[in-house]
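Biologist: Can you walk me through this structure? I'd like to start with how we label exposure.

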Amino acid sequence: MAYSLLADLILFVHAGYVLFIIGGQILILVGWIKNWQWPRNFWFRIVHLTAIGFVMLETWVGLICPLTTLENLFREKAGMATYEKSFIGEWVSRLLFYDAPVWVFTLVYTLFFLLVFFTLWLYPPHKKS
């Protein structure tokens, strides 16, 4: 039971990571339009770029996400199939994972990284003085 809960916790952390990347970019773009100052925070922008950069590099080198690996380990230890989820876990998983060729994910992650990078360049963060 504890391993099942840990697997679901990892799944929620994974969902939060994805939300940070996608939601962060949306907020950066909205902040640019509305002239908000907080999306120009240097450390927020660097962490955001690094987060999507890590995902992009994983796909380029063919690595499985460490969060997916850890979740599957906990599911195996719980005696569950690696893709079997609890009710909530199943729905969160359906939002995160899709069946598509690997090249599709590599392309999408690379294009999203480029969007984040060019946003960083065109709408730069404030440098600390």
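Modeller: Start with the cut-offs. Buried means under 20% relative accessible area, exposed means over 50%, and partly exposed lies in between. Keep in mind that this is a predicted model.

Biologist: Is Trp32 buried, partly exposed or exposed?

Modeller: Partly exposed, because its relative accessibility is 36%. Trp32 is found in helix α1, residues 2-34.

Biologist: Which nonpolar surface patch includes Trp32?

Modeller: One of about 970 Å². Its other members are Trp103, Leu107, Leu111, Leu114, Phe117, Phe118, Trp121 and Leu122. Helix α5 gives the largest share of the patch, 8 residues.

Biologist: Now the inside. Which residues make up the largest nonpolar core?

Modeller: There are 9: Ile21, Leu49, Ala51, Ile52, Val55, Met56, Phe113, Val116 and Leu120. Two elements give two or more residues each, α2 (42-61) and α5 (102-122). The largest share, 5 residues, is from α2.

Biologist: What does Leu49 touch, leaving aside neighbours within four places in sequence?

Modeller: Leu49 is in contact with Phe113, Val116, Phe117 and Leu120.

Biologist: New topic. What is the average pLDDT of the chain?

Modeller: The average is 86, and 84% of the residues score at least 70.

Biologist: Which elements have the lowest and highest mean pLDDT?

Modeller: Helix α4, residues 87-96, is lowest at 59, and α2 is highest at 95. Over residues 84-88 the pLDDT is below 50. That stretch still has 9 contacts in the model beyond near neighbours in sequence.

Biologist: How should I read coordinates where pLDDT is low?

Modeller: Where pLDDT is low, don't read the predicted coordinates in detail.

Notes
Residues numbered from 1 in each chain as written. Predicted model: local features only at pLDDT ≥ 70, side-chain atom pairs only at ≥ 80, totals over all residues. Heavy atoms only, no water. Core = buried A, V, L, I, M, F, W, Y, C linked by side-chain atoms within 4.5 Å. Buried < 20%, exposed > 50% of the residue type's maximum accessible area, 1.4 Å probe, protein only. Helix = DSSP H or I, 4+ residues; strand = E, 2+ residues; numbered from the N terminus. Contact = heavy atoms within 4.5 Å. pLDDT = per-residue confidence, 0-100. Patch = residues over 30% accessible without salt bridge, like charges linked within 9 Å, V, L, I, M, F, W, Y side chains within 5 Å. Areas by Shrake-Rupley, 256 points an atom, 1.4 Å probe, with all protein chains shown as cover. Salt bridge = Lys/Arg side-chain N within 4 Å of Asp/Glu carboxyl O.
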